[in-house]
2 protein chains.
Amino acid sequence: MIEVFNYIDKNSSKFVEELKKICKQESISAKKRGIEECSELLVDMMKANGLKAEKVKEKGNPVVYGEIKGKREEYLLFYNHYDVQPVEPLNEWISEPFSAEVRDGRIFARGVADNKGNLMARLMAIKSILEVYGDLPIGIKFFVEGEEEIGSPNLKIYLEKMKDRLKADGCLWEGSDKDSKGNPQTYLGAKGILYLELRIKTAEVDQHSMYSTIIPNPAWKLVWLLNTLKDDKENILIEGFYEDVVEPTEEELKLLKDIEFDEEEYKRSFGLKEYLKRDLVRSLIFSPTCNISGIISGYTGEGSKTVNPSWAMAKIDFRLVPKQDPEDIIRKFKRHLEKKGFKDVIIISHGYYAPSKSSINSKIAKVTLETSKMVYGKPCKVLPLMPGAGPLCYFTDFLKLDVIGGESLGRPDSKIHAPNENILISDYLEAIKHVSAIIMNFK
Amino acid sequence: MIEVFNYIDKNSSKFVEELKKICKQESISAKKRGIEECSELLVDMMKANGLKAEKVKEKGNPVVYGEIKGKREEYLLFYNHYDVQPVEPLNEWISEPFSAEVRDGRIFARGVADNKGNLMARLMAIKSILEVYGDLPIGIKFFVEGEEEIGSPNLKIYLEKMKDRLKADGCLWEGSDKDSKGNPQTYLGAKGILYLELRIKTAEVDQHSMYSTIIPNPAWKLVWLLNTLKDDKENILIEGFYEDVVEPTEEELKLLKDIEFDEEEYKRSFGLKEYLKRDLVRSLIFSPTCNISGIISGYTGEGSKTVNPSWAMAKIDFRLVPKQDPEDIIRKFKRHLEKKGFKDVIIISHGYYAPSKSSINSKIAKVTLETSKMVYGKPCKVLPLMPGAGPLCYFTDFLKLDVIGGESLGRPDSKIHAPNENILISDYLEAIKHVSAIIMNFK
């Protein structure tokens, strides 16, 4: 193993160049920019590093599939994505988002932390082992999608099509971040999501608000509706909403004690006045949510305009925890509206997927935590669930794989989805080492 | 009287030209366009028609004051405004908004129905009497402001300054509209208004909505707050809100029976699904309101974005009925928020004024109704209050005048504040006759 680590240290600048190469290729799925070019570049890079690789095109942006056999008939599956978020606001970037400039030991580029850094760390890990030993102990399969940043709308289609090729003995998800103290972290699953838009329309045109004594106001209707969804103690009031929620196990609660959550740091960085009064780490990880992401009706410009609006809209996102089922939640939500007497509400679903959780005792989890010690001198910290959502469920439930977050790369200040996205080069090299160790020790 | 009416018929095209002249002069207070020019044109037109006139400048846009003595030492005060609403959306106008084009017996122009038509009808009435009889039986004073369309923010300042000059024996408000059946109407007062903006801010920046389990969401806070203001039976829940509301008198309720409200016509024109279940005419006129004119928070664009917003805002307009006092309502509103535990709510007032009501037995009311018979063959219908708000209170409460709406000019399809604002030329000529008759018969 030490030979591989030495090889990584000696070739660090070459590995940085490889990462810069893919970061310089834009690949914004929301704007359909550079998608084909980036997927082709990635196929070429995989081939150049010893893998068989191809573009798979079913619907939407292509998936890049890469594969290399190992000595044993076992496979690790790597999930990554080559697409990135839009770069706006462009004027806040110090260097061009696709210039991949190196400053102060960091690489700055859109996508470098999310998710090209992890993707390249994995590819460079394979290259390093091949260079040192000539072959891999186990096989590797890469599933790299191009629509993660737009909600993976076609992921299921690809998985159904590629089910046989994706057979494996464990899966590393796209990667993880260090915590605010620099400790490596990983996670055993993610929350599910359900995103609904509610529209209430009472008329074709806005009316002078003198008519508000006799014409229903959709903004009021929406307020009354929303008020029945959650009370001011943050209890979600949809009948049966919590019914399938699984309480965290003793083991999971033990893991929580280890998690760093720097209250003051987040307070400063968001300009927060206060947190909700609750066990923050536990809530962040185990609480399902019913959140207003957006609401609008009527006149919202400067000063005053007296209007009885003709329509009102709210966007509601639910984050679901094991074993909540998004389709069941939609049914309960509709039943709730019916029982509360809200008719004529148009409900638009902007997508959903289920929560997912793998066991800390799975083979892939064990090796990930064990090998962390070789690189960092300690096992990485483990979030039982990501506070955010991710479509891990397709891999756990459909492909029947154990999934874990994988190697840490970013940090809380990596500015994912924001201007000046960056990673530390030293974190990148450690990530290559961690992935190498996972591959070498998977058994 | 018949001589005056004949004179008006004979000079109709000249009167249309005079109206077109002032309609061609733009005077948009919200955009500060043409204000000085229009006020000067108006001074000139008053002088050309036998009045002493001048611009009075205290604060904001100037007031045009005009005066002419009569045989008796009595004065009627006319309140009007020379400013108009913005013209947008411009592409929906068939002819230019300041071209004053005549089509199908109508004049189309921004401001022709609100309020330049009434202003000119009054000036042409004076001219007609002077031409026929050489003098007026009573004196007339014009108070024509230039900020009505932006909420009359400086009206009180002008009235305080001009209090002595504005002494009179009755006041015609800016004018009234015919109902949907073409019946002339007037009103004895108007609702008051109080327009508040509520802002709740919980952070400096929006956060990823995975944090919604631990960080307060201002949109939820706003929903819970608004929900305490009005219930889904349309009851306003602010303690003491209805305390000072005066029940309509028997006489007022009798007036209501006469009011035309074409339910189906309004339903069609607004594209309404339904009305609130209540006595529509009575509610329209006598119910105070608590209306959401606008609400916004978070992401309101296409599709989905998961965000815990940093701020939320609602615009609330109250329409107040006699004897509700806007300053008292603000106090009650603040006390309500305090009692309900809503702290850190920023309350911005965008202005307010009290409701106002004059007696149907006042001199000016009696003569207005009586003379209606001479022009229309029947007394005009009388709304005890306008469903909308207007700053009549300053004239009734501060200047101690009896006020009535005045002559009808527009109709429900006059498109006030909208593209293709228009009046019927025949309605304009009838309005001149009605004002002439009011002046001749005021005693």
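A salt bridge here is a side-chain nitrogen of Lys or Arg within 4 Å of a carboxyl oxygen of Asp or Glu. With that rule, two salt bridges are found across the interface of chain B and chain A. One of them joins the side chains of A:Glu274 and B:Lys221, at 3.8 Å from N to O. Please keep in mind that this is a predicted model.

Staying with that interface, strand E12 of chain B, residues 289–298, gives the most to the side of chain B that touches chain A, with 10 residues. By class, that side of chain B has 33 nonpolar, 26 polar and 17 charged residues. As for polar contacts, the count between chain B and chain A is 45 residue pairs, both residues being at pLDDT 80 or more.

Now the extent of the contact. On chain B, 76 residues are in contact with 76 residues of chain A. The area buried between the two chains is about 6,100 Å². Carbon and sulfur atoms give 62% of that area.

Which surface do the copies use? Of the interface residues of chain B, 100% are also interface residues in chain A, so the copies meet through the same surface.

Next, the symmetry. In general, two copies of a chain are related by a rotation about an axis and a shift along it. In this model, a turn of 180 degrees and a shift of 0.1 Å along the axis lay chain B on chain A with an RMSD of 0.1 Å. That is the relation of a two-fold axis. Which residue of chain B comes closest to the rotation axis? That residue is B:Ile296, with its C-alpha at 2.2 Å.

B:Ile296 brings me back to strand E12, residues 289–298. Strand E12 of chain A pairs with E12 of chain B in the antiparallel sense, over five bridges. Within this pairing, A:Ile295 stands opposite B:Ser297.

Away from E12, I will take one sheet in chain B. Six strands form an open sheet there, in the order E1-E2-E6-E3-E7-E19, and the pairing is mixed. Strand E1, 52–56, and strand E19, 403–404, stand at the edges of this sheet in chain B. Each has a single partner strand, so one side of each is left without a neighbour in the sheet. Further in, strand E3 of chain B, residues 75–81, pairs with strand E7 of chain B, residues 171–172. Their pairing is parallel and runs over two bridges. For B:Leu77, the bridge partner in E7 is B:Cys171.

Last, some backbone geometry to look at on the screen. In chain A, a cis peptide bond joins A:Asp114 and A:Asn115, with omega about 15 degrees. A:Asn115 lies in helix H4 of chain A, residues 112–133. Another cis peptide bond joins A:Pro322 and A:Lys323, where omega is about -5 degrees. Where is A:Lys323 placed? A:Lys323 is in the loop between strand E14 (311–320) and helix H10 (326–340) of chain A.

In chain B, the residue to look at is B:Lys415, which has a positive phi of about 60 degrees although it is not a glycine. B:Lys415 is in the loop between strand E20 (408–410) and strand E21 (422–424) of chain B.

Note on methods:
Residues numbered from 1 in each chain as written. Chains lettered and ligands numbered in written order. Predicted model: local features only at pLDDT ≥ 70, side-chain atom pairs only at ≥ 80, totals over all residues. Heavy atoms only, no water. Least-squares fit on C-alpha atoms with pLDDT ≥ 70 in both. Contact = heavy atoms within 4.5 Å. Buried area = accessible area lost by both parts, 1.4 Å probe. Polar contact = N/O pair within 3.5 Å; in protein donor to acceptor, adjacent residues only side chain to side chain. Helix = DSSP H or I, 4+ residues; strand = E, 2+ residues; numbered from the N terminus. Nonpolar A, V, L, I, M, F, W, Y, C, P; charged D, E, K, R; others polar. Pairing = 2+ DSSP bridges.
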